[in-house]
Amino acid sequence: MKPLKYYFKKAYKEKFAIGQFNFSTFEQVKGIVAAAQNLKSPIILGTSEGESKFVGLQEAVALRNVLRNKTGLPIFLNLDHGKSFDYLKKAIAAGYDMVHFDGSKLPLEENIKISSQVAKYAKWRSVVVEGEVGRFGTDASRLYTEKFEIKEENLTKPEEAKQYLHMANVDVLAVSVGTFHGLDVSGASPHIRLEKLQEINAIGVPLVLHGGSGTPEEDIRKAIQSGIVKININTESRVAFSHTLRKTLEANKEEITPYKYLQDSVQAVQQVVEEKIKLFGSNNRI
Ligand code: G3H
Ligand code: ZN
């Protein structure tokens, strides 16, 4: 199986993106992997610190190993939005393929310092590193009933991205260019600032888009043409899983058998992931 770095390079050159789909249950993973299998796509399974503490770092790695061996698919595991070097070390020790150091809340110098340490430590162990400059304004991937306002000061400043990439040897960089974590239920999703993204892409390092849920498809397509090689999706998958489960349990109040009432949710996640894989263009790329 080719390494994740190979797929990022291929995506950057051939202008497609690899989806990272977060999970905290086995059923979500079943849906994600079934979609990747159907569409012959590389896939990144993501766990935030909270999700990984619920699942267990070793358990997440064991799940990846079993599914990778069973399907033969390039399935990769990323520790998403890691806030501490120590915790990233634990994920690396457990066997994660990739770690994301999220230093976006730190002063740039501090972010650069720790990112450099993470990059050195991880690369020595052939683990891919994602850095981050610019904030997404929200931590939780949840539903927003009020309109979500992007604060301009949170957006990635190209000169800061340049300074960061000059000092911290990360493989890919998460940038804040108009997306946010979560879904604005009014449907309004702030558009991607394409010129800003293109200015950052000129630096020549592959980029990551967070807050993929709810982002207009046309924006996603243009972002992929401007250096985005990885797109994170969590809320849309959580909504598919949870709303389907709620509906199924409501409609079958007597049902107590998990493998029966969870099947619809697995399929709902699979459907979201298949739509995203086709939109990102990573189908038939293995
Ligand atoms: O890191 C995870 C993603 O950025 C999730 O964003 O919930 O808006 O899809 P999303
Ligand atoms: Zn994110």
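Is F26 buried, partly exposed or exposed? F26 is partly exposed, with a relative accessible area of 42%, where buried means under 20% relative accessible area, exposed over 50%, and partly exposed in between (1.4 Å probe, protein chains only). This is a predicted model, in which local features need pLDDT of at least 70 and side-chain atom pairs count only at pLDDT 80 or more, while totals for chains, interfaces and linings use all residues. Residues are numbered from 1 along each chain as its sequence is written, chains are lettered from A and ligands numbered from 1 in the order in which they are written, and side-chain values use heavy atoms, with hydrogens and water left out.

**Around ligand 1**

- Let's start with the ligand: 15 residues surround ligand 1, and the closest are D80, S141, S213, N234 and T235; a residue belongs to this shell if one of its heavy atoms lies within 4 Å of the ligand.
- By class, two of the shell residues are nonpolar, twelve are polar and one is charged. Here Ala, Val, Leu, Ile, Met, Phe, Trp, Tyr, Cys and Pro count as nonpolar, Asp, Glu, Lys and Arg as charged, and the others, Gly among them, as polar.
- Strands β3 (75–82) and β10 (228–233) each supply at least two residues of this shell. Helices (H or I, at least four residues) and strands (E, at least two) are DSSP runs, numbered from the N terminus.
- T235 places a polar side-chain atom 2.5 Å from an oxygen atom of ligand 1.
- For H210, an N or O atom in the side chain is 3.3 Å from an oxygen atom of ligand 1.
- F180 takes part through its backbone, with a polar atom there lying 3.5 Å from an oxygen atom of ligand 1.
- The protein covers 99% of the 310 Å² of accessible area that ligand 1 has on its own, with areas taken from the Shrake-Rupley method and a 1.4 Å probe; for residues, only the protein chains shown count as cover.

**Helix α2 and its surroundings**

- Helix α2 (residues 26–39) has 14 residues, which at 1.5 Å a residue should span 20 Å, and its end C-alpha atoms are indeed 20 Å apart. The expected span is 1.5 Å times one less than the number of residues.
- Why is α2 described as largely enclosed by the rest of the structure? Ten of its 14 residues are buried, so the description follows.
- The buried residues of α2 are E27, Q28, V29, G31, I32, V33, A34, A35, A36 and L39.
- Their cover includes β1 (18–22), β2 (43–48), α4 (57–71), β3, α10 (235–251) and α12 (263–280), where contact means heavy atoms within 4.5 Å.
- F26, the residue from the opening question, is found in this helix. Its C-alpha atom is 9.2 Å from that of A60, and the two residues are 34 residues apart along the chain.
- K40 follows α2 and has a positive phi, near 50 degrees.

**D171 and K5**

- D171 sits in the loop between α7 (158–167) and β7 (172–175), and is buried at a relative accessible area of 14%.
- The side chains of D171 and K123 are joined by a polar contact of 3.1 Å. Such a contact is a pair of N or O atoms within 3.5 Å; within protein, one must be able to donate a hydrogen and the other to accept it, and residues adjacent in sequence count only if both atoms are side-chain atoms.
- D171 also reaches the backbone nitrogen of V129 with its side chain, at 2.7 Å.
- Setting aside neighbours within four places in sequence, D171 is in contact with K5, K123, V127, V128, V129, V205 and P206.
- K5 is found in helix α1 (residues 4–14) and is partly exposed, at 37% relative accessibility.
- Not counting residues up to four places away in sequence, K5 touches K123, V128 and D171.

**Other residues to look at**

- S226 lies in the loop between α9 (217–225) and β10 and is buried, with a relative accessible area of 4%.
- Beyond residues up to four places away in sequence, S226 touches L194, L197, Q198, N201 and L207.
- H81, in strand β3, has a positive phi of about 55 degrees although it is not a glycine. H81 is buried, with a relative accessible area of 11%.
- N284, in the segment after α12, is also a residue other than glycine with a positive phi, near 55 degrees. N284 counts as exposed, at 58% relative accessibility.
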